[in-house]
Amino acid sequence: MTIQRSFKPEGSSDTRLPDNLKVRPPRVAGNADPQVHYPRRTLRAIGEGAMWIAALGGFICIGLVIAAYVFNISLIMFKTGSMSPTIPAGSVALVREIPASEVQVGDIITVDRPGNLPVTHRVTEIEAMNNGQWRLSMKGDANEQPDPVPYEVVTVRQTLGHVPGLAPVIVWMGSPWVMGGLTLGAATLVTWAFWPRHKGRRVAE
């Protein structure tokens, strides 16, 4: 580097340095405007929030699977309103398998019917049989007449609780298009979260 000397007349107060000796501030590589990083931070926060929600949903699903095997718990969807207004159509009920000997009059239970869909109604009468089975008479809350014939069972599924309007959501999420979209979205979030990011480095001229 060559330093040029500057001469000034005697008595002059000019102390400016030559252009090649002026100190210039360091420049940040890339875009130096800090406002440009705000959208990126917002998108990152949204992505991380979505990943936490997805992780929470995954833990809930795992918990339901474990409960299904350990406690014999499953879900029942109500397509009809035979149990309205107690359980309206479109509800999803949480049920647990129990011995028929534990059933009491007034319980809402689900029994399997060979060759037909299961039925979920309220127990109106219980009768013990000699072969270890139990004969249960049932009736839907919205039906005027009881079920045509009683059910002879050893085990039943007892209703623990229900959520109205959840059945259409489960059916919608079971669609191949929805499942494919959710899978693609989850893969995109995971890829975006672990994609390497290059931080700006200060470069001085």
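1. A word on terms to start: strands here are DSSP runs of at least two residues, numbered from the N terminus. With that in hand, E2 and strand E5 (116-128) each supply at least two residues of the lining of the second largest pocket. Please keep in mind as you read that this is a predicted model.

2. The overall layout is a good place to get your bearings. The protein chain holds three helices and nine strands. Followed along the sequence, these elements run β-α-β-β-β-β-β-β-β-α-α-β.

3. Now for the totals. The protein chain has 205 residues, and 18% of them are buried. Its accessible surface is about 15,800 Å², with 62% of that belonging to carbon and sulfur atoms. Take the contacts between residues at least 6 apart in sequence: 51% of these join residues at least 24 apart.

4. Back to the second largest pocket, which has a volume of about 350 Å³. Its lining counts 13 residues, and the closest to the pocket centre are Met77, Phe78, Lys79, Leu117 and Pro118. Which element gives the most to this lining? That is E5, with five residues.

5. The nonpolar surface patch deserves a look of its own. It covers about 700 Å² and is made by Leu75, Met77, Leu94, Leu160, Val163, Leu166, Val169, Ile170 and Val171. Strand E2 (73-77), strand E8 (155-163) and helix H2 (167-173) are the elements that give two or more residues to it. Helix H2 gives the most, with three residues. You may like to colour Met77 when you view the model: this residue belongs to the patch, and Met77 is also among the residues closest to the centre of the second largest pocket.

6. One patch member, Leu166, sits in the loop between E8 and H2. Why does Leu166 count as partly exposed? The reason is its relative accessibility of 31%, because partly exposed covers the range between the buried cut-off, under 20%, and the exposed one, over 50%.

7. Finally, a residue in helix H1, which spans residues 37-70: Ala68. Is Ala68 buried or partly exposed? Its relative accessible area is 29%, so Ala68 is partly exposed. Ala68 can also be paired with Glu97: the two are 29 residues apart in sequence, and their C-alpha atoms are 9.8 Å apart in space.

Conventions. Residues numbered from 1 in each chain as written. Predicted model: local features only at pLDDT ≥ 70, side-chain atom pairs only at ≥ 80, totals over all residues. Heavy atoms only, no water. Patch = residues over 30% accessible without salt bridge, like charges linked within 9 Å, V, L, I, M, F, W, Y side chains within 5 Å. Areas by Shrake-Rupley, 256 points an atom, 1.4 Å probe, with all protein chains shown as cover. Salt bridge = Lys/Arg side-chain N within 4 Å of Asp/Glu carboxyl O. Helix = DSSP H or I, 4+ residues; strand = E, 2+ residues; numbered from the N terminus. Buried < 20%, exposed > 50% of the residue type's maximum accessible area, 1.4 Å probe, protein only. Contact = heavy atoms within 4.5 Å. 1 Å grid on protein atoms, 1.4 Å probe; cavity = no way out; pocket = protein on both sides within 12 Å on 5 of 7 lines; lining within 4 Å. Points joined across faces, edges and corners; volume = space filled by probe spheres on them.
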